[in-house]
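Q: Could you take a close look at one helix for me and tell me how it sits among its surroundings? I'd like the local picture first, and then a quick tour of the rest.

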Amino acid sequence: MDSNKIRNFSIIAHIDHGKSTLADRIMEFTNTVDDRTAKPQLLDNMTVEKEHGVTVKAQTVTNYYLAKDNQQYVLNLIDTPGHVDFSYEVSKSLSATEGVILLVDATQGVQAQTIANYNLAKAQHIKIMPVINKIDSPNAEVATVKQQILDLDSQFKPTDILEISAKNGTGVPELLEAIVANIPAPQVADQAPELKALVFDMTYDSYQGVIAHIRLVAGEIKANQKLVLMNAGKTFDAKAIGIFNPNMVEQDTLYAGEVGYVVTGIKEVNQIRVGDTITTAVAGTAEPLPGYEEATPVVYAGIFPKDDFLAMKSALFKIALNDSSLKIEDDYSDALGQGFRVGFLGNFHLQIIKERLLVEYGVEVVTTSPNVTYKVHLKNDKVVAVNNPVNFPNYADIDYVEEPIVMVTITTLPESVNQVINLSEKYRGVLIDLNNLSNLVQLAYNMPLSEIAYHFFNALKSETHGYATLSMGEITYQPADVVKMTFDINYSDVPQLTFITNRVNAADQSQELVHKLKYAVPRQLYPMPAQAIVEGKVIARVDIPPIRKNAAVSGEKKSISKQQALLRRQSLNKRKAKQLEFELPQSVFDIFLDI
C-alpha cells in the first residue's frame, strides 16, 4: 500500500450541523455502500445515537476514491461526536488523523462546539478545511457564515471555504477532490521496520473479545501474528485484522499509514486501554507512542443494580472498554446494595451510559444524584478528596472546604451579553475579563465546576439560542461555604439522597426537595415524615400521606379508642424504623438531577 495515496481525516462540527449526513454522502459518492445497505446516519449505529439524534462514539470507515487524476486514494474517515460531553472522543479521533473538515451550518453559523472542536484540531497541528453546509436551505446566510469562519482564523482565505449541501450532495465531489489535494498523506519513515500501531478506540465482542481500532504509524501487521500491548505488557495473537467498510472486512496485511482493526481475543476488559501501543512480540519497537492523556471526570454518580449486580458489573465494564473516559470505583449502600461510583464527563454522558446499559445489555439501574470532587481540610491538618457526598466528614471535624473552580470563556453576540452576565451571576460566576472580538464579545468567568457540570451549559444555549460558545480551562480549588445535606424518610437515613450544596442555597433547595419527595416516595399504610438535615438540624420537613385515611387527624369525630390505637401504631413505627422496608424508585433520585 502506497502511503502517499492515503488520507486520514475526521469531520468536526457543532451538534446537528450535518456531520453524520456528510459522512453518508462521502460513503455514497465513493461507492462504499450500495443502495441496498445505505440508510440515514449509517455510522450512528447505537440505538441511543438514533434516539437522541447525536453521535456518541467515534466511528471509522475506509473509502476508496478514484480521483480526477485517475489515481485511487484511500480515504479513512473517523467520525466524531458533536456534543460537549464527548469532546474526549473528538480528541482521540484527531490524534489518528492528518486533517479535519470543519463543518459549519449555513443557517446557524459558528457555534459552541464549532469553536471548541476547532481549538482541539488547532492544538493537534493538523490541516483544517472549513466547509459550509446546508447552502440549499431557504434560511442559509452563506456570506455571514463565511465571514464568521474567516474571523475564526486569520490563516483562512475566502477561497479555502467550500460550500456544500450534504443532504442532496451539492459540492461533495469538489470536497472529495479538496481532501485529496489539501490533507497531507501520513508520514511514514522509510527505515522503520518495527511495528508501531496506536490503539485509538476499542469495542467488545462476546465471541472475539476485545477488538482494537488501530492507526498504523510504522511497520505492518499480518493476520495470526504474535503481538504485544506495550503499556499493558500483554501478549496476544492477531486472530484477524482488517478495515472498516463500514462493517469489518478482513485483510491479510495492514500497512503503515492505514486505519483498521485487530481482533485480540482478550476477554479481560481491564487489560487493554485506549492510547496503548501495539508492536510485534519479536523484534518490536522499544519506544511506545505518546498515547493520550486520561480523561478527567467532571461529575460522579452512584450506579446500583435493580436486580443482578454481576450482570450490571459485566455490562458496565464492557461499556467502559470502548468509553475510556469512564472512571469506575466500588461502592456500597445499605439501601441499594453493592454498586459502583462512576465518573462521567457530564450529565448527558451519564444519561447515555444509563440508556446503553438498558438497551444494549437489558440491565436496569438506579443512579444517584451527580456531584464533583471537593477537597476537605480537617482540623487535624489532613486533606481529604471527597467525590461521594456520603463520605463527606462530620461538620465538627472540618476546618474549611475547597471546591473546584474552572476558568470559563464565553463568546457570544453583543445582543446576548446581558443575558449571559445575568445567567453567569446566577450560577455563582465571577467576571474576570470582557473583550470585544470584531462582531463578538468574549467574557471570562471563574465559576464553580458543580454549576457548570449540571445545568449551566444547557441554560447558556437556551438564553443565547445556541449562538454562545463555551470553553473551559484548568481546574483549580478555592475555599467555599458548602454544606452536606442529608435526608431521612420515616426517621431512617437515606445516604443515596445526600448531596453537597452551597450554604446560601440550602434553605430553598431543601424546601423544594422535600415537597417533591412527598409525591415521589411510595406511600405506606401510615404517614411518613421526609426531612432535610444540615449540620444536625432539620431545616425542612413534609409528611408523606398514608395510603388510607388517618383517623386521628381526619377532622371527623371518631371513637377515642380508635384514635388512640392508631396513634400507638404510628408511635411504635417511629421507634422501630431503623431502615426503609421498601425500595425507592428511580423517580426519587431523578428529583435531585433537577435542583
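**Helix α1 and its surroundings**

A: Helix α1 (residues 19-29) is largely enclosed by the rest of the structure, because 8 of its 11 residues are buried. Keep in mind that this is a predicted model. The buried residues of α1 are K19, S20, L22, A23, D24, R25, I26 and M27. "Buried" here means under 20% relative accessible area, and charged names such as K19, D24 and R25 are on that list too. As a reminder about helices in general, residues three or four places apart point the same way because an α-helix has 3.6 residues a turn.

So what covers the buried residues of α1? The cover includes strands β1, β2, β3 and β4, along with helix α6. Just past the helix comes N31, with a positive phi near 60 degrees.

Those covering strands belong to an open sheet of 6 strands, in the order β2-β3-β1-β4-β5-β6, with mixed pairing. At its edges are β2 (60-66) and β6 (162-163), each of which pairs on one side only. Further in, β4 (residues 99-105) and β5 (residues 127-133) run parallel to each other, with 7 bridges between them. If you want a spot to click on, G99 has K127 in β5 as its bridge partner.

Helix α6 (residues 172-182), already met as part of the cover over α1, packs on this sheet and touches β1 (6-13), β2, β3 (72-79), β4, β5 and β6. The direction of α6 makes about 170 degrees with that of β5. Helix α5 (residues 142-152) lies across β4, β5 and β6, and runs at about 160 degrees to β5.

Now zoom out a bit. The protein chain has 13 helices and 31 strands. Of its 595 residues, 54% count as buried. Among contacts with a separation of 6 or more, 69% are between residues 24 or more positions apart. The chain exposes about 27100 Å², and carbon and sulfur atoms supply 47% of that.

A few single residues further along are worth a stop. F344, in strand β19 (residues 337-344), is buried, with a relative accessible area of 0%. Beyond its neighbours within four places in sequence, F344 is in contact with P297, V298, V299, A301, I303, L326, H349, L350 and I353. Take V298 from that list: F344 and V298 are 46 residues apart along the chain, yet their C-alpha atoms are separated by 5.9 Å.

H377 is in strand β21 (residues 374-378). With 15% relative accessibility, H377 also counts as buried. Leaving aside neighbours within four places in sequence, its contacts are K382, V383, I398, D399, Y400 and E402.

M407 is placed in strand β23 (residues 398-412). At 33% relative accessibility, M407 counts as partly exposed. Together with V430 and I432, M407 forms a nonpolar patch on the surface, and the three have about 250 Å² of accessible area between them.

Back to your helix, then: α1 is largely enclosed, with β1, β2, β3, β4 and α6 included in what covers its buried residues.

Note on methods:
Residues are numbered from 1 along each chain as its sequence is written. This is a predicted model: local features need pLDDT of at least 70, side-chain atom pairs count only at pLDDT 80 or more; totals for chains, interfaces and linings use all residues. Side-chain values use heavy atoms; hydrogens and water are left out. Patches are made of residues with over 30% relative accessible area and no salt bridge: like charges are joined within 9 Å, nonpolar side chains (Val, Leu, Ile, Met, Phe, Trp, Tyr) within 5 Å. Accessible areas come from the Shrake-Rupley method with a 1.4 Å probe; for residues, only the protein chains shown count as cover. A salt bridge is a side-chain nitrogen of Lys or Arg within 4 Å of a carboxyl oxygen of Asp or Glu. Helices (H or I, at least four residues) and strands (E, at least two) are DSSP runs, numbered from the N terminus. Buried means under 20% relative accessible area, exposed over 50%, partly exposed in between (1.4 Å probe, protein chains only). Two strands pair if DSSP finds at least two bridges between them. Contact means heavy atoms within 4.5 Å. Axes are lines fitted to C-alpha atoms, for helices over the stretch in contact, and angles run from 0 to 180 degrees between N-to-C directions.
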